[in-house]
Amino acid sequence: MSVKEATQVAPAPARVTPEPPRPAKRRRAWDEAPRWQIYLPLSLYLVFTLIPFYWILLFSLRPSGSTSLVPWPITFEHFEKVWTERSFGTYFQNSVLVGVATLVMTTLVALAGGYALARFNFKVKNAFMLALLCSQFVPGALLLVPLFEIFAELQMINSLGSVIIAETVFQLPLSMILISNFIKNVPYSLEEAAWVDGCNRMKAFRVVVLPLLRPGLIAVGSFAFVHSWNHFLFALMFLNNQDKQTIPVGLNTLMGADSVDLGALAAGGIIAAVPVVIVFAFIQKWLITGFSAGAVKG
C-alpha cells in the first residue's frame, strides 16, 4: 500500500473541544465573615452554658457560709457529708447496678427484636413499627399506676429488679427501632456469603453482622444507661427503703421543706454527673459514628 492510500484509509483525528471553564465555587456567607463574628457568639454561648456548672462546683468546694465567688479555701466537707452521712455511697452503688443491668437487658432484647424487624417480613410488621413509634408519645408518669399494681402482684415492690424491668420496658421501643436501622445498613449479601461458607443464621449474625453493629450498640446502650441513671419517677414509686434508693431520689432528700443545704446538694449533683461525663468522654467517638450510621444508606 502506498503512502497516499494509507493516508486516505486512516481516519482523521478527532477534534478535541476544550472543556468549558467551571464556575467558581460559591463561598458561603460565614466563610467570608470575619473570625470575630464567628467566635464571639460561640464564646458567649459557651460562657452561658458553663456558668451553671461553675456555680455548682463553687457551692460544692467552698466552706459553708462563705459568699466568695472563688472556691478558696477549697474544702471537701460537703462531699464527705453526702457520701457518709446522707448514704450517697449506697445510692451510687444502686444507681450503677440499675444502670448496668438496664443497659445489658435493653441491648440484648433490642438486638433480637431489631434483627427480626430488619431481616424478616411478616403481616403486622408495619403496624408493629407504628405501635413502637406511638409508644414514645406516652409519658412515663402514665405507666406508674399499672406498673405498680403489676409489681405488687409479683411482690417486687421495694426491689431494684422492679426499677430495672420498668426502665428496660420504657427504653425498648426506641432502642429496637434504632437497632433495626443499624442492621438494615449492613448488606444482606454478607450474611448470605457466610451461609454459603457453612455458617448457620446465628453464627453468621455473630461473626459477620455483630462486629459491624458496635457503634450502634454503644449508642443504644449509652442512652439506656444515662436514662436509667437520671430517671426519678420509677425509683421514687417502687423503692421505699433508704438502702434501695438511687441517686436521683437521694438528691431529692437533700431538699427539706424549710431549708436546703446548697453545699451538700451541689456535691451530690457533682457525684451524680461525674460518671455520665466519664462515660461520654470515652464513648464519644463511637457515639458520633452510631448517630451517623442510621443516616447513611448502606
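Helix 6 passes helix 8 in a left-handed crossing. This is a predicted model, and two features of it are laid out here: how that helix pair packs, and what surrounds the largest cavity. Helix 8 has a part in both, since it packs with helix 6 and also supplies at least two residues of the cavity lining.

**Helix 6 and helix 8**

- Helix 6 covers residues 125-135, and its axis lies 8 Å from that of helix 8.
- The two helices pack at an angle of about 130 degrees, which makes helix 6 oblique to helix 8.
- On the helix 6 side, the contact is made by Phe128, Met129, Leu132, Leu133 and Ser135.
- Helix 8 brings Pro173, Met176 and Ile177 to this contact.
- Sorted by class, the contact has seven nonpolar residues and one polar residue, with no charged ones.

**The largest cavity**

- The count comes to one cavity of 30 Å³ or more.
- The volume of the largest cavity is about 40 Å³.

**What lines the cavity**

- Helix 5 (88-119), helix 8 (160-184) and helix 11 (214-230) each give at least two residues to the lining of the largest cavity.
- If you would like to find the spot in the structure, look for Ser95, Val98, Val163, Glu167, Ser228, Trp229, His231, Ala235 and Thr246, which line the largest cavity.
- Here the classes are mixed: the lining has four nonpolar, four polar and one charged residue.
- Glu167 is the charged one in that lining, whereas the contact of helix 6 with helix 8 has no charged residues.

Technical notes: Residues numbered from 1 in each chain as written. Predicted model: local features only at pLDDT ≥ 70, side-chain atom pairs only at ≥ 80, totals over all residues. Heavy atoms only, no water. 1 Å grid on protein atoms, 1.4 Å probe; cavity = no way out; pocket = protein on both sides within 12 Å on 5 of 7 lines; lining within 4 Å. Points joined across faces, edges and corners; volume = space filled by probe spheres on them. Helix = DSSP H or I, 4+ residues; strand = E, 2+ residues; numbered from the N terminus. Nonpolar A, V, L, I, M, F, W, Y, C, P; charged D, E, K, R; others polar. Axes fitted to C-alpha atoms, helices over the stretch in contact; angles between N-to-C directions. Parallel < 35°, antiparallel > 145°, perpendicular 65-115°, else oblique. Left-handed = near helix turned anticlockwise from the far one by under 90°. Contact = heavy atoms within 4.5 Å.
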